[in-house]
Amino acid sequence: MKVCPSCRSSFDKSLAICPYCGTIVQDSQPMVYQQPAVPQPEPKDSVSVGGWIGRSLIPYSPLVGGIVYLIMLFIWSGDKKKEDTFRNWAKAQLIMMAVIIVLTILGVVLFGSAFSDLLNSF
Ligand SMILES: [Zn+2]
């Protein structure tokens with residue numbers, strides 16, 4: 001049974017309109033619309049200007065800085081708390097480093113032997 005909120009008369013629950021006063025009646029037990037659980041994005045650290053400067057300076061510090069920077073890039077690229085943009089940047093830096101290392105090795109292998117051949121020809 002439904003109870004009309006307007007005239008308080010009860011009637012069959014299949015009716016959407018009160019037969020006594022014509023009020024449009026919602027279900028007496030309104031469906032609780034469960035909001036689909038929206039995944040709340042975890043608060044991510046935003047990178048301050050100082051942070052960017054510090055991170056930009058790390059690779060310029062001699063030797064140790066390069067290794068620290070490489071490790072930090074690995075950590076940053078997998079750090080879910082960091083902003084996507086920052087993680088992508090860290091990944092891009094790693095990829096670029098890998099490319100540069102590969103190119104350097106290729107350069108040494110290809111041109112290194114050519115260079116030593118050149119020296120040996122004298
Ligand atoms: Zn009514």
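A residue counts as exposed if 12 or fewer other C-beta atoms lie within 10 Å of its own, and as buried if 20 or more do. Keep that cut-off in mind as we go round this predicted model.

**Stop one: Arg8.** Select Arg8, in the loop between β1 (2-3) and β2. Is it buried or exposed? Arg8 has 10 C-beta neighbours inside 10 Å, so it counts as exposed. While you're here, look at the backbone: phi of Arg8 is near 65°, a positive value in a residue that isn't glycine. For context, most residues other than glycine have a negative phi.

**Stop two: the whole chain.** Zoom out and colour by secondary structure. You should find three helices and two strands, and walking from the N terminus, the order is β-β-α-α-α. Now try colouring by confidence. The mean pLDDT of the protein chain is 78, with 75% of its residues at 70 or more. Among the elements, β2 has the highest confidence at 88, while α1 has the lowest, at a mean of 75. A word of care for the weaker patches: where pLDDT is low, the predicted coordinates should not be read in detail.

How much of the chain is buried? Of its 122 residues, 6% count as buried. As for contacts with a separation of 6 or more, 18% are between residues 24 or more positions apart.

**Stop three: Val25.** Next, pick Val25, in the loop between β2 (10-11) and α1 (49-57). Val25 has 19 C-beta neighbours inside 10 Å, which means it counts as partly exposed. Show what surrounds it: setting aside neighbours within four places in sequence, Val25 is in contact with Lys2, Cys4, Pro5, Ala16, Ile17 and Cys18. Take Pro5 from that list and draw a distance to it. Val25 and Pro5 are 20 residues apart in sequence, and their C-alpha atoms are 7.3 Å apart.

**Stop four: the core.** Select Tyr69, Leu73, Trp76, Phe86 and Ala90 together, and you have the largest nonpolar core, with five residues in all. Which helices each supply at least two of them? They are α2 and α3 (84-120). The largest share, three residues, comes from α2. As background, nonpolar side chains in soluble globular proteins tend to be buried together.

**Stop five: Ile71.** Stay on helix α2 (residues 64-78) and click Ile71. Here the neighbour count is 10 other C-beta atoms within 10 Å, so Ile71 is exposed. Then draw a line from Ile71 to Leu94: they are 23 residues apart along the chain, and their C-alpha atoms are separated by 9.8 Å.

**Last stop: α3.** Finish by selecting the whole of α3. Does its length fall in line with, or depart from, what 1.5 Å a residue should give? The 37 residues should span 54 Å, and the end C-alpha atoms are 52 Å apart, so the two agree. Look along the helix for a kink of about 30°, centred on Phe111. And how many of its 37 residues are buried? The count is two, so to speak a helix that is hardly covered.

Methods: Residues numbered from 1 in each chain as written. Predicted model: local features only at pLDDT ≥ 70, side-chain atom pairs only at ≥ 80, totals over all residues. Helix = DSSP H or I, 4+ residues; strand = E, 2+ residues; numbered from the N terminus. Core = buried A, V, L, I, M, F, W, Y, C linked by C-beta atoms within 7 Å. Contact = placed C-beta atoms within 7 Å. Expected span 1.5 Å × (residues − 1). Bend = angle between axes of the 7 residues up to and from the residue. pLDDT = per-residue confidence, 0-100.
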